[in-house]
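Here are my notes after a pass through this one, point by point. Have the structure open while you read.

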Protein chains: 2
Amino acid sequence: MTRIFFVSLIPIRPEGPSGPPSERSDAARNRERLLEAARDLVAEHGADALTMDMLACRANVGKGTVFRRFGSRAGLMMTLLSDAEAEFQQLFIFGPPPLGPGAPAAERLIAFGEARIAYIDRNGELARAAEHSPHNRHEAPPAQLWHRHIEMLLREAGVGDPWLTASFLLSVLDPERVLYALRTQGVELGRLQAGWREFAGRLLARPDARD
Amino acid sequence: MTRIFFVSLIPIRPEGPSGPPSERSDAARNRERLLEAARDLVAEHGADALTMDMLACRANVGKGTVFRRFGSRAGLMMTLLSDAEAEFQQLFIFGPPPLGPGAPAAERLIAFGEARIAYIDRNGELARAAEHSPHNRHEAPPAQLWHRHIEMLLREAGVGDPWLTASFLLSVLDPERVLYALRTQGVELGRLQAGWREFAGRLLARPDARD
DNA sequence: AAGCTAAACGGACTGCGGTCCGCTTTGTAT
DNA sequence: ATACAAAGCGGACCGCAGTCCGTTTAGCTT
């Protein structure tokens with residue numbers, strides 16, 4: 001049985017550049033200024049070093065404006081990530097196997113983790129900062145989508161309690177943890193991915209393997 | 001081959017009540033005051049609501065004193081947990097099987113996770129706060145001990161890259177995640193433990209099962 | 001008992017994320 | 001052109017973790 005998910009694909013953030021309420025011109029101008037300044041600051045000093053005051057100052061904008069636009073520091077980081085995130089989503093939902101549909105669940109799960117780890121290796125600091133919110137946390141739209149995706153794969157593979165198991169697997173792929181391994185512990189990207197392959201492979205290994 | 005680990009068992013915190021440099025009397029008095037005040041505040045309002053100013057005020061002590069004693073908020077929480085933590089350590093190192101030595105690795109791992117989840121259900125807020133440090137994080141003595149323990153079990157079970165796999169499993173048992181499932185998502189303790197049983201069980205299932 | 005020194009003390013201060021609210025700008029209705 | 005509401009703006013303000021440094025005190029020495 002095929003489940004159809006009504007997935008809103010791109011809208012990582014609720015509002016696109018031109019929403020129905022039609023953004024006021026000064027607001028649009030300020031949003032551009034802020035995004036440009038934020039990208040510059042991240043490029044120069046890294047995501048962790050970016051402070052909201054610094055950003056407001058650089059963009060010649062009041063601090064209140066920054067928070068009205070993005071809600072929080074995490075929301076800003078989310079916005080900065082949205083392009084990369086949308087691309088990643090495309091790949092595992094519509095892309096070619098084994099990441100996209102067409103491959104067996106076990107292979108798709110392995111590919112998902114490998115791709116996610118590579119993603120974190122590239123965009124990890126932003127991703128980590130995007131989750132560092134007192135509220136939200138694991139409730140951001142992308143996280144929910146990953147969860148549903150993995151849950152579906154696990155159900156396909158006949159794992160009991162796929163929902164909970166998906167949570168477990170997402171813990172392993174948490175940017176905080178993955179970055180800690182990559183940066184602080186100095187684990188090589190390849191080793192991490194190989195570890196995931198064995199981990200996920202064992203988890204979905206069918207005792208009655210036959211193919 | 002049996003590996004012998006020189007494990008310093010109790011010292012979750014570096015210094016005990018009577019260290020060699022012999023604590024000054026006023027310092028000892030203030031430490032007691034602070035611990036009592038901290039326990040009261042946690043009992044009254046929960047660990048998350050405890051602020052360092054509040055604690056200093058309640059203990060009739062300067063803020064600087066609080067930080068000299070515990071280093072950080074996380075350090076304070078660590079200290080408050082040290083008794084429960086030491087007890088937990090005793091159980092999985094010296095206690096009866098299946099948690100303690102004597103049972104097969106797979107069973108010990110399952111028991112470890114179940115015990116850890118129950119522990120987090122009891123002391124989770126403190127444990128989560130104890131890890132919420134900008135520095136340290138996964139480097140606190142207890143976490144290293146758990147890691148070595150799980151690593152040993154995985155090696156015994158013939159898992160490749162036991163070190164990395166142990167990191168993965170500890171991600172799943174992270175207080176942040178477990179508490180989120182228990183409190184925010186409303187997952188029942190029993191379901192969480194059952195999920196872990198299946199998860200860890202699958203992971204260590206030997207394809208050539210014979211016993 | 002008096003003097004001395006290192007340890008301990010306390011609270012003002014900093015930096016940061018986030019909020020609030022009185023003022024300004026924009027787009028529209030007349 | 002003018003008036004007017006609402007959306008937007010900005011920066012003073014708050015709470016909190018953590019630091020700094022001038023002052024106090026415990027406990028040893030003589």
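1. Which residue lies over the face of A:Trp146? That would be A:Arg116, at 3.8 Å from the ring centre. Keep in mind throughout that this is a predicted model. Chain B has a pair of its own to look at: the charged end of B:Arg116 sits over the ring of B:Trp146, 3.8 Å from the centre of that ring.

2. Next, the aromatics. Searching the whole structure turns up 13 aromatic pairs over all chains. Take A:Trp196 and A:Phe199: their ring centres are 6.4 Å apart and their planes meet at 35 degrees, so this pair is tilted. Planes under 30 degrees apart would have counted as stacked, and over 60 as edge-to-face.

3. Where do A:Trp196 and A:Phe199 sit in chain A? Both are in helix α9 (residues 189-204), three residues apart, or about one turn of the helix. Both residues are buried. They also belong to one aromatic cluster that takes in residues of chains A and B: A:Phe168, A:Trp196, A:Phe199, B:Phe168, B:Trp196 and B:Phe199.

4. On to DNA strand C. There are 22 residues around this strand, and those that come nearest are A:Lys63, A:Arg73, B:Asn30, B:Arg68 and B:Arg69. Of the strand C atoms within 4 Å of the protein, 59% are sugar or phosphate, and the rest belong to bases. By type, the residues of this surface split into six nonpolar, seven polar and nine charged.

5. Which elements supply the surface near strand C? Helices α1 (25-45) and α3 (63-70) of chain A, and α1 (25-45) and α3 (63-70) of chain B, each give at least two residues. The most comes from α3(B), with five residues.

6. Some phosphate contacts on strand C are worth a click. An N or O atom in the side chain of B:Arg69 is 2.8 Å from a phosphate oxygen. B:Gly62 uses a backbone N or O atom instead, at 2.9 Å from a phosphate oxygen. For A:Ser25, a polar side-chain atom lies 3.3 Å from a phosphate oxygen.

7. Now DNA strand D. Of the 22 residues around it, A:Arg24, A:Asn30, A:Arg68, A:Arg69 and B:Lys63 come nearest. Sugar and phosphate make up 60% of the strand D atoms that come within 4 Å of the protein. Here α3(A) gives the most to the surface, with five residues.

8. Last, the phosphate contacts on strand D. Side-chain N or O atoms of A:Asn30 and A:Arg69 come to 2.3 Å and 2.7 Å from a phosphate oxygen, respectively. B:Met52 brings a polar backbone atom to 2.9 Å from a phosphate oxygen.

How values were computed. Residues numbered from 1 in each chain as written. Chains lettered and ligands numbered in written order. Predicted model: local features only at pLDDT ≥ 70, side-chain atom pairs only at ≥ 80, totals over all residues. Heavy atoms only, no water. Phe/Tyr/Trp six-rings, centres within 6.5 Å; stacked < 30°, edge-to-face > 60°. Helix = DSSP H or I, 4+ residues; strand = E, 2+ residues; numbered from the N terminus. Buried < 20%, exposed > 50% of the residue type's maximum accessible area, 1.4 Å probe, protein only. Lys NZ or Arg CZ within 6 Å of the ring centre and 35° of its normal. Near = heavy atom within 4 Å. Polar contact = N/O pair within 3.5 Å; in protein donor to acceptor, adjacent residues only side chain to side chain. Nonpolar A, V, L, I, M, F, W, Y, C, P; charged D, E, K, R; others polar.
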